[in-house]
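Biologist: I would be grateful for a close look at one part of this model, namely the interior and the contacts that hold it in place within the chain. Please begin from a single residue and work outwards.

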Amino acid sequence: MRLNQCHNFHDFRKLAKRRLPGPIFNYIDGGSDDEVTYRENTNAFDRCDLLPSVLRGVSEVDMSVTVMGQKLDMPVYCSPTALQRLFHHQGERAVAAAAEKYGTMFGVSSLGTVSLEELRQKHKNPQVYQFYFHKDRGLNTAMMQRAKEAGVEVMMLTVDSITGGNRERDLRTGFSIPFRLTLGGMIQFAIKPMWGINYVTHEKFRLPQLEEHVDMGGGASSIGGYFTDMLDPSMNWDDVAQMVRDWDGQFCLKGIMTVEDARRAADVGCTGVVLSNHGGRQLDGSRTPFDQLAEIVDAVGDRLDVMMDSGIQRGTHVLKALSLGAKAVGVGRQYLYPLAAAGQVGVERALGLMRAEIGRDMKLMGVTRIDELTRDNIRFRGLPPNSISAHKGAA
Ligand SMILES: Cc1cc2nc3c(=O)[nH]c(=O)nc-3n(C[C@H](O)[C@H](O)[C@H](O)COP(=O)(O)O)c2cc1C
């Protein structure tokens, strides 16, 4: 199987699986506990049907949106994900460049493997910095300062990872940084020698956002150790309010799921929330962002930008989320499998296919602008047509 034979999410996933050692593939591919939420994230879109309008003159389609103060050429952005150079030696460089090609935003994780400064200097498209909250308040201030000085446009504080999710696939393979593989895990590396050759012949693996502060050399200071020793589970709304004041710019919370929390986010001055369950990697059994989207848009959509991620694989998924009132949507595995499969050209192909799907689907829906998508365009199976209140466009 080759890249030009990849036509959708599942094809990229298959190719990534062929290229990656099992423990790394399963780190990307896995969710927490029984992976119920992970599966439901995508299933949720299938419970909602699109209602196309016809004969509307759709020769020119404009799919641009403005979200968190940033103009994006397409309504999909690359959500921040950890450890990208482990998946392909180009890592974040490939994702940032592909996102730039398609005029969209990309996220850099606190656990990113290329420095946020390098990426900000090289690319013109908007950049998100994904933040974890540390016990050491001085460290938090220093990191925000660093992102501010680099010119990062959007600060995104992840709030659904107050403790690590139970990823049993990783327990079985022994995936951790540094590697502490089980015998089975080692064998899986041995049968994918090309990955190993690439890994050792390219620039050394680093975590530049953290290396000044955390020794990733091993022992207690592994990534697992970072989560338990350095992140602060006592983080609360006062801390967020302080961070929002310190950042003094576009600030969103990633991992909001309730109306009450979304209201509090608006109250403390956040300019956006991302409905997310971390791609089913944290609390298994939690509701899907798509199922919860209408409630949150109705409660706070006039006060801040509501976005969502988790489970998005298709252009039609994007249109359904935007019809409910999301301003834009994030993807994770949708670009990570292509990254693992082929680096930058892989991510470009995936974003290009997504763009083509959205354009085609908009035409088939009879809309030429994103703000023409409304709740009139969708129906939830088994529910009467007026069961979700009218929402007129993503505006
Ligand atoms: C391999 C992997 C690593 C991730 N790392 C981070 C991270 O460092 N910080 C973060 O806030 N979210 C992280 N996420 C979550 C993504 O930002 C996003 O919420 C999720 O992938 C969306 O679900 P999807 O993969 O179904 O699109 C990660 C997701 C994956 C799959």
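Modeller: In this predicted model, Leu 293 touches Leu 275, Val 306, Met 308, Ala 321, Leu 324 and Ala 326, leaving aside residues up to four places away in sequence. Leu 293 also appears among the residues with the most contacts inside the largest nonpolar core, together with Leu 83, Phe 87, Phe 251 and Phe 290. That core has 126 residues. As a general background, nonpolar side chains in soluble globular proteins tend to be buried together.

The helix that carries this residue deserves attention next. Nine of the twelve residues of H14 are buried, so this helix is largely enclosed by the rest of the structure. The buried positions in H14 are Pro 289, Phe 290, Gln 292, Leu 293, Ala 294, Ile 296, Val 297, Ala 299 and Val 300. Asp 298 of H14, by contrast, is partly exposed, because its relative accessibility is 42%.

Asp 298 takes part in a salt bridge with Arg 375, in which the closest N and O atoms are 3.1 Å apart. Arg 375 lies in the loop between helix H17 (344–365) and strand S12 (378–380), while Asp 298 lies in helix H14 (residues 289–300), so the pair ties together parts that are 77 residues apart in sequence. Arg 375 counts as buried, because its relative accessibility is 4% and the cut-off is under 20%.

Another helix is enclosed in a similar sense. Ten of the ten residues of helix H16 (residues 333–342) are buried, so H16 is largely enclosed by the rest of the structure. Its buried residues include Arg 333, Gln 334, Tyr 335 and Tyr 337 as well as Ala 340, Ala 341 and Ala 342. Just after H16, Gly 343 adopts a positive phi of about 70 degrees.

The core also leads to the aromatic pairs, of which there are ten. In one of them, Tyr 27 and Phe 87 form a tilted pair, with 6.2 Å from centre to centre and 35 degrees between the planes. Tyr 27 lies in helix H2 and Phe 87 in helix H4 (residues 84–87), so this pair ties together parts that are 60 residues apart in sequence. Phe 87 is buried at 3% relative accessibility, and Tyr 27 is buried at 13%. The rings of Tyr 27 and Phe 175 have their centres 4.5 Å apart and their planes at 15 degrees, so that pair is stacked. It links distant parts of the chain, with Tyr 27 in helix H2 and Phe 175 in the loop between H8 and H9, 148 residues apart. Phe 175 is likewise buried, with a relative accessibility of 10%. Elsewhere, Phe 189, Trp 195, Tyr 199 and Phe 205 are joined by ring pairs into a cluster.

Charged pairs provide further links. Side chains of opposite charge can pair when their charged atoms come close. The model has 23 salt bridges in its count. One of them joins Glu 35 to Arg 169, with the closest N and O atoms 3.0 Å apart. This pair connects distant parts of the chain: Glu 35 is in the loop between helix H2 (22–29) and helix H3 (36–46), and Arg 169 is in helix H8 (residues 168–173), 134 residues apart. Glu 35 is buried at 13% relative accessibility, whereas Arg 169 is partly exposed at 21%. These two residues belong to a network of salt bridges that also contains Arg 13 and Asp 29.

Arg 93 and Glu 203 meet in a further salt bridge, at 3.1 Å from N to O. Here too the pair links distant parts of the chain, with Arg 93 in helix H5 (residues 91–101) and Glu 203 in the loop between H10 and helix H11 (223–230), 110 residues apart. Arg 93 is partly exposed at 22% relative accessible area, and Glu 203 is partly exposed at 35%.

Finally, the surface offers a contrast to the interior. Leu 183, Ile 187 and Ile 191 make a nonpolar surface patch of about 340 Å². Leu 183, in helix H9, is exposed at 64% relative accessibility. Ile 191 sits in the loop between helix H9 (183–190) and helix H10 (193–201), and it is exposed with a relative accessible area of 59%.

Notes:
Residues numbered from 1 in each chain as written. Predicted model: local features only at pLDDT ≥ 70, side-chain atom pairs only at ≥ 80, totals over all residues. Heavy atoms only, no water. Patch = residues over 30% accessible without salt bridge, like charges linked within 9 Å, V, L, I, M, F, W, Y side chains within 5 Å. Areas by Shrake-Rupley, 256 points an atom, 1.4 Å probe, with all protein chains shown as cover. Salt bridge = Lys/Arg side-chain N within 4 Å of Asp/Glu carboxyl O. Helix = DSSP H or I, 4+ residues; strand = E, 2+ residues; numbered from the N terminus. Buried < 20%, exposed > 50% of the residue type's maximum accessible area, 1.4 Å probe, protein only. Core = buried A, V, L, I, M, F, W, Y, C linked by side-chain atoms within 4.5 Å. Contact = heavy atoms within 4.5 Å. Phe/Tyr/Trp six-rings, centres within 6.5 Å; stacked < 30°, edge-to-face > 60°.
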